[in-house]
Structures are given as C-alpha cells and as structure tokens.
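Trainee: I keep meeting words like "buried" and "salt bridge", and I'd like to know what earns a residue that label. Can we go through one example together?

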Amino acid sequence: MDMNAGLGGFAAALESSKLWVMNVVPIIAEKATLGVIYDRGLIGMYHDWCEAFSTYPRTYDLIHANGVFSLYKNICKMEDILLEMDRILRPEGAVIFRDNVDVLIKVKRIVAGMRWNTRIVDHEDGPYVSEKILVAVKQYWTVGSNGTAVN
C-alpha cells in the first residue's frame, strides 16, 4: 500500500504480475491525482488518514508512507495514524516511512512501544538532507502463560 501515492510512482516501480499496490491519495493532498493513477493502469482510492481504512478481508505486507505525517500534522494525531497502520499491517510486515527527521524520531519512539523494530537511514542524496527514511518491521508476538509477551 502507498499511503500518499502522488502519481503512483511507487507502484509503477514495483510493477510485477505477482503483486499489486493499493495507491491511496489523501483527501487533503494538494492535487487530486487519482485520475493519473487510473490512467497508468493502476488501482487506487481517496482516503482521509484521520479515519479508519476499510481493508476487509486483507492485510498488507508493505506500507509506503511518504510524507504522510507532515501532511497530517496539526490535523489528527500521529498515534491514531500509526495504530491504523498497525491494524492493517500483517505481523512481520514492513513500513517504509519517508519524512523530515524530526517527524521520524517521534514515529520511531511511538512504534518502539508497539514492538516494531526500526532503523533510520539517510536520504539517497546524502546525510545532510533533512528528509530521512525509517524502515520498520512489525513483530509477531503472543502473550505467554505468565502474561508476558513472547516473540
């Protein structure tokens, strides 16, 4: 899933007959690009990430979130978006966050409490770019007989 699809470039880069990408254009995006996504032969929809996302009956293996938290800053809580991501991401699924480093540090702190493993890496243009990439993997865990989490 691409949470801020833009023109569908992430899906086009992953084009394969063995996978598909749900391109989501936030309703608060500056430009309504869903028509371009359809013209490229891709699937997609508009959505407000302050609300729940209808996923029945599926979960997602990979979520790409490019600038989602900067886009929704002061509109809804980061925690609410992250909880929705946790709900729709399968155990051992991954998220690629791309945003300002200050935003990603906050995201990293929150998802650590959700038992996700994380790693921040530099932008492809080098370490002096304020935009960074955070890769997170949701862990599979259960509650043991003594009430503690078991990985």
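What follows is a chat about the labels used for this predicted model.

Trainee: Let's start big. What makes this chain as compact as a globular protein of its length?

Mentor: Set two numbers side by side. The radius of gyration is 16 Å, and the globule rule gives 15 Å for 151 residues; those values are close, so the chain counts as being as compact as a globular protein of that length. Along its principal axes, the C-alpha trace spans about 55 × 40 × 30 Å.

Trainee: And what is the chain built from?

Mentor: Five helices and eight strands. Starting at the N terminus, the order is α-β-α-β-β-α-α-β-α-β-β-β-β.

Trainee: How do you know that Glu-84 is buried?

Mentor: Buried means under 20% relative accessible area. Glu-84 has 10%, so the label fits. Buried residues make up 40% of the 151 in the chain.

Trainee: Then what is Arg-87 called?

Mentor: Partly exposed. The exposed label needs over 50%, and Arg-87 has 42%.

Trainee: Why is the contact between Glu-84 and Arg-87 called a salt bridge?

Mentor: The cut-off is a side-chain nitrogen of Lys or Arg within 4 Å of a carboxyl oxygen of Asp or Glu. In this pair the closest N and O atoms are 2.6 Å apart, so it passes. Both residues sit in helix α4, three residues apart, which puts about one helical turn between them.

Trainee: What about Lys-138 and Asp-86, how do you know that they form a salt bridge?

Mentor: Same test: N to O is 3.8 Å, and the limit is 4 Å. This pair links distant parts of the chain, with Lys-138 in strand β6 and Asp-86 in helix α4, 52 residues apart. Lys-138 is buried too, at 13%.

Trainee: How many salt bridges are there in the whole structure?

Mentor: The search finds six. One of them joins Glu-124 to Arg-98, with the closest N and O atoms 2.6 Å apart. Glu-124 lies in the loop between β5 and β6 and Arg-98 in strand β4, so the pair ties together parts that are 26 residues apart in sequence.

Trainee: Is each partner buried or exposed?

Mentor: Glu-124 is exposed, since its 55% is over the 50% line. Arg-98 is buried, with 17%. There's also a network of salt bridges here, linking Arg-98, Glu-124 and Glu-131.

Trainee: What makes β4 and β6 a strand pair?

Mentor: Pairing takes at least two bridges. β4 and β6 have seven, in the antiparallel sense, so they qualify. One partnership there is Phe-97 with Leu-134 in β6. β3 and β4 run parallel and are joined by six bridges.

Trainee: Last one. What makes a group of residues a nonpolar core?

Mentor: They must be buried residues of nonpolar kinds, joined through side-chain atoms within 4.5 Å. The largest such core here has 30 residues, and Leu-82, Met-85 and Phe-97 have the most contacts inside it. Elements giving two or more residues to this core include α4, β4 and β6. Leu-82 touches Phe-69, Phe-97 and Val-107, among others further along or back in sequence. Apart from that core lies another, of eight residues, including Val-21 and Leu-34.

Technical notes:
Residues are numbered from 1 along each chain as its sequence is written. This is a predicted model: local features need pLDDT of at least 70, side-chain atom pairs count only at pLDDT 80 or more; totals for chains, interfaces and linings use all residues. Side-chain values use heavy atoms; hydrogens and water are left out. Buried means under 20% relative accessible area, exposed over 50%, partly exposed in between (1.4 Å probe, protein chains only). Helices (H or I, at least four residues) and strands (E, at least two) are DSSP runs, numbered from the N terminus. Contact means heavy atoms within 4.5 Å. The radius of gyration is taken over C-alpha atoms; the globule rule is 2.2 Å times the number of residues to the power 0.38. Lists of a residue's contacts leave out its neighbours within four places in sequence.
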